Amino acid sequence: MSLDLRKLEHLVAVAEEGGFTRAAERLHLSQQALSTSIRTLERHVGVRLLDRGHQHVTPTPAGQALIDDARALSAQALAALDRARRIGRGQAGHLRIGHTPAVTAEEVVELLTRAGTEEQGIQAHVRQLFPDELREQLLTGACDLGLTRAMPAGTGLTRARIAEHRLRVAVPAGHPLAGRPAVALADLRGQPLTVWGEAGSSAYTDLLIGLCRQAGVEPDVRRNPVQGTPPVTAVTATGRIAFVTVPPGPAAGGAAHVVDLDPPVHVPVHALWPAHTTCPGRDVFLERTGTPPGKPPGDTCRPAIASRSPYNPAAR
């Protein structure tokens with residue numbers, strides 16, 4: 001007997017709603033029908049999947065494992081339907097890309113140019129998403145490909161390192177560091193550093209903090225109060241510094257200045273996509289961007305401070 005996707009959907013709903021009553025309402029089922037469905041699924045699996053408390057229902061460890069895989073299976077089914085529909089409508093060459101704020105729109109365009117998607121007849125649809133939104137859209141099939149700096153793959157997703165960009169420092173135009181041709185990471189000691197995610201909950205923030213600590217600097221990290229703004233713009237409002245990957249020189253209409261780091265520091269770009277799904281446009285993109293030699297999918301990609309990027313000959 002094969003797994004019933006509908007029953008897996010029932011299990012996910014009960015876990016997400018924390019009980020049978022709200023889950024039954026969400027699924028437009030009677031509570032008795034939903035309970036019967038879950039009991040049938042538990043008999044089929046051979047283990048208890050839910051702990052049924054007086055006021056709350058929670059998954060057992062086995063139930064949580066099945067729920068995680070059920071979400072991935074659901075994403076695969078939705079992606080398969082969507083792909084068939086797009087092919088039937090003559091839209092097989094579409095590629096839906098989400099990127100986190102740490103990867104700029106200009107960098108996404110550079111990667112698409114390198115992959116030659118336009119020459120291959122692939123139409124890219126690009127939008128910026130915060131990490132949690134990106135993960136959800138990848139898992140539900142609403143997005144074909146995600147581009148991030150350091151976001152881990154997690155259940156149901158595959159990750160590969162496809163590029164590196166040179167890291168620089170943005171400072172307000174009147175800042176003492178603005179007049180210098182280059183600074184070392186050690187020169188940032190005592191400088192308030194703007195980041196977009198909390199340390200410990202943002203992989204990219206943790207990567208940046210780790211780079212500073214390699215240089216002997218314990219950064220004074222402060223989360224940007226206005227989310228979604230580009231790093232180079234945020235420094236003009238906060239008076240703090242920020243790490244960026246844009247070219248050196250004046251920025252934000254002259255209100256900010258970008259300074260090189262010496263020795264150079266590079267940060268990765270990772271591609272994320274739903275595991276075990278197919279998308280012709282995504283396959284072309286990944287094949288043509290590739291991964292650096294010796295860096296298999298899933299590596300942690302913490303570059304050495306003096307590393308050089310094979311992907312950016314212009315040292316952008």
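**Reading a cavity and salt bridges in a predicted model**

User: About 50 Å³ of space lies in the second largest cavity, so to speak a gap inside the protein; which residues line the second largest cavity?

Analyst: This is a predicted model, and the lining of that second largest cavity consists of L188, Q191, L193, C212, V217, P219, D220, I241 and F243. By residue type, this lining divides into 7 nonpolar, 1 polar and 1 charged. With a threshold of 30 Å³ or more, the count comes to 2 cavities.

User: Let me turn to salt bridges: how many salt bridges are counted?

Analyst: The general idea is that side chains of opposite charge can pair when their charged atoms come close. In this model the count comes to 17 salt bridges, and a few of them show how a pair can be read.

User: Where do D68 and R71 lie?

Analyst: Both residues belong to helix α4, which spans residues 61-88, and they are 3 residues apart, about one turn of the helix. D68 forms a salt bridge with R71, with 3.9 Å between the closest N and O atoms, and the pair is counted because the cut-off is within 4 Å.

User: Are D68 and R71 buried, partly exposed or exposed?

Analyst: D68 has a relative accessible area of 26% and is therefore partly exposed, while R71, at 32% relative accessibility, also counts as partly exposed. The reasoning rests on the cut-offs, since buried means under 20% and exposed means over 50%.

User: Which parts of the chain does the pair of E107 and R149 link?

Analyst: The side chains of E107 and R149 meet in a salt bridge at 2.8 Å, N to O. This pair links distant parts of the chain, for E107 sits in helix α5 (residues 105-115) and R149 in the loop between β5 (145-148) and β6 (157-166), 42 residues apart. Both E107 and R149 are buried.

User: What is the distance between the closest N and O atoms of R213 and E218, and how is each residue classed by accessibility?

Analyst: The closest N and O atoms of R213 and E218 are 2.8 Å apart, and the two residues form a salt bridge. R213 is at 48% relative accessibility and so counts as partly exposed, whereas E218 is at 53% and so counts as exposed.

User: Salt bridges that share partners can be read together; which residues do they join into one network?

Analyst: That network joins E16, E17, R22, R26, D68 and R71 through salt bridges with shared partners, and it thus includes the helix α4 pair of D68 and R71 discussed above.

Key: Residues are numbered from 1 along each chain as its sequence is written. This is a predicted model: local features need pLDDT of at least 70, side-chain atom pairs count only at pLDDT 80 or more; totals for chains, interfaces and linings use all residues. Side-chain values use heavy atoms; hydrogens and water are left out. Helices (H or I, at least four residues) and strands (E, at least two) are DSSP runs, numbered from the N terminus. Buried means under 20% relative accessible area, exposed over 50%, partly exposed in between (1.4 Å probe, protein chains only). On a 1 Å grid over the protein atoms alone, a cavity is a set of points where a 1.4 Å probe fits but cannot get out, and a pocket is an open set with protein on both sides within 12 Å along at least five of seven lines; lining residues have an atom within 4 Å of a point. Grid points are joined across faces, edges and corners, and a volume is the space filled by probe spheres set on the points. Ala, Val, Leu, Ile, Met, Phe, Trp, Tyr, Cys and Pro count as nonpolar, Asp, Glu, Lys and Arg as charged, and the others, Gly among them, as polar.
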